[in-house]
Amino acid sequence: MQKTRLNIDPERLNRNENMIQLYKMHRGKLILFSLLALLTLYVIIFTELPSLQENDRNFARYKTMSWLLAPHTFFGSIALVLGPFQFSSQLRIKNLALHRNLGKLYIIIILLSVPFAFLINIYYPIPGANNTFAFENITQASVWGTTALMAWVAAAKKTDRASQNVGGTRLRSYSGLCLIKDI
């Protein structure tokens with residue numbers, strides 16, 4: 001193995017340069033998902049947690065629909081955490097089996113969460129809100145479930161064209177999840 005004048009292994013130097021290039025390529029994803037994580041924490045801390053206090057005007061409503069809200073929140077939270085991993089090209093390259101298993105789990109979790117969103121909006125509409133708000137929420141849940149199914153079908157086909165399209169359906173599915181609205 002030949003070393004440079006500074007006693008540095010050229011092969012190791014190439015690996016480091018490749019890592020730097022890889023980091024620069026994926027910096028946009030890192031920034032985007034960091035921003036999404038911060039926005040999610042902001043909504044949880046300043047909107048959702050205060051509404052769970054007994055003196056909040058929404059507490060009684062949440063309590064009556066908790067049997068629907070708890071599983072919807074549980075499944076939606078898991079999907080929110082799993083979603084970004086489906087965008088990791090490094091995970092897909094280094095551990096395809098894990099990528100596929102996380103993708104399957106992500107889609108199953110979405111399909112478990114969507115019916116609860118429908119039921120919440122049909123049986124527990126927001127007092128004083130018009131029907132278009134419930135319709136918007138039901139549409140959002142429908143788009144979320146539909147794009148998840150589209151990704152599943154495209155991944156199941158395992159063709160080059162389908163796998164290229166999967167990224168678009170993942171993006172639509174995850175962005176549908178990230179449209180956070182108050183219930």
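Helices here are DSSP runs of at least four residues, numbered from the N terminus. All the views show a predicted model.

**View 1. Leu80 in helix H3.** Leu80 sits in H3, the helix that covers residues 66-82. With a relative accessibility of 22%, Leu80 counts as partly exposed, because the buried class stops short of it, at under 20%. Look for Ile110 too: from C-alpha to C-alpha it is 9.6 Å from Leu80 in space, with the two positions 30 residues apart in sequence.

**View 2. Helix H5 from end to end.** H5 takes in residues 96-123. Its 28 residues reach 41 Å from the first C-alpha to the last, close to the expected 40 Å. Ile110, the partner picked out with Leu80, is one of the buried residues of H5. Others on that buried list include His99, Leu102, Gly103, Ile109 and Ile120.

**View 3. H5 packed against H6.** Two packed helices are described by the angle between their axes and the distance between the axes. For H5 and H6 (residues 131-157), that comes to about 160° and 9 Å. The pair is therefore roughly antiparallel, given that the cut-off for that label is over 145 degrees. The crossing of H5 past H6 is left-handed.

**View 4. Side by side at the H5–H6 contact.** On the H5 side, the contact residues include Tyr106, Ile107, Ile110, Ser113, Val114, Ala117 and Asn121. These seven also turn up among the buried residues of H5. H6 brings in Ala134, Ile138, Trp144, Gly145 and Trp152, among others. Sorted by type, the contact has 17 nonpolar residues, 5 polar and 1 charged.

Conventions. Residues are numbered from 1 along each chain as its sequence is written. This is a predicted model: local features need pLDDT of at least 70, side-chain atom pairs count only at pLDDT 80 or more; totals for chains, interfaces and linings use all residues. Side-chain values use heavy atoms; hydrogens and water are left out. Axes are lines fitted to C-alpha atoms, for helices over the stretch in contact, and angles run from 0 to 180 degrees between N-to-C directions. Helices (H or I, at least four residues) and strands (E, at least two) are DSSP runs, numbered from the N terminus. Angles under 35 degrees count as roughly parallel, over 145 as roughly antiparallel, 65 to 115 as roughly perpendicular and the rest as oblique. A crossing is left-handed if the near helix is turned anticlockwise from the far one by less than a right angle, and right-handed if clockwise. Contact means heavy atoms within 4.5 Å. Ala, Val, Leu, Ile, Met, Phe, Trp, Tyr, Cys and Pro count as nonpolar, Asp, Glu, Lys and Arg as charged, and the others, Gly among them, as polar. The expected span of a helix is 1.5 Å times one less than its number of residues. Buried means under 20% relative accessible area, exposed over 50%, partly exposed in between (1.4 Å probe, protein chains only).
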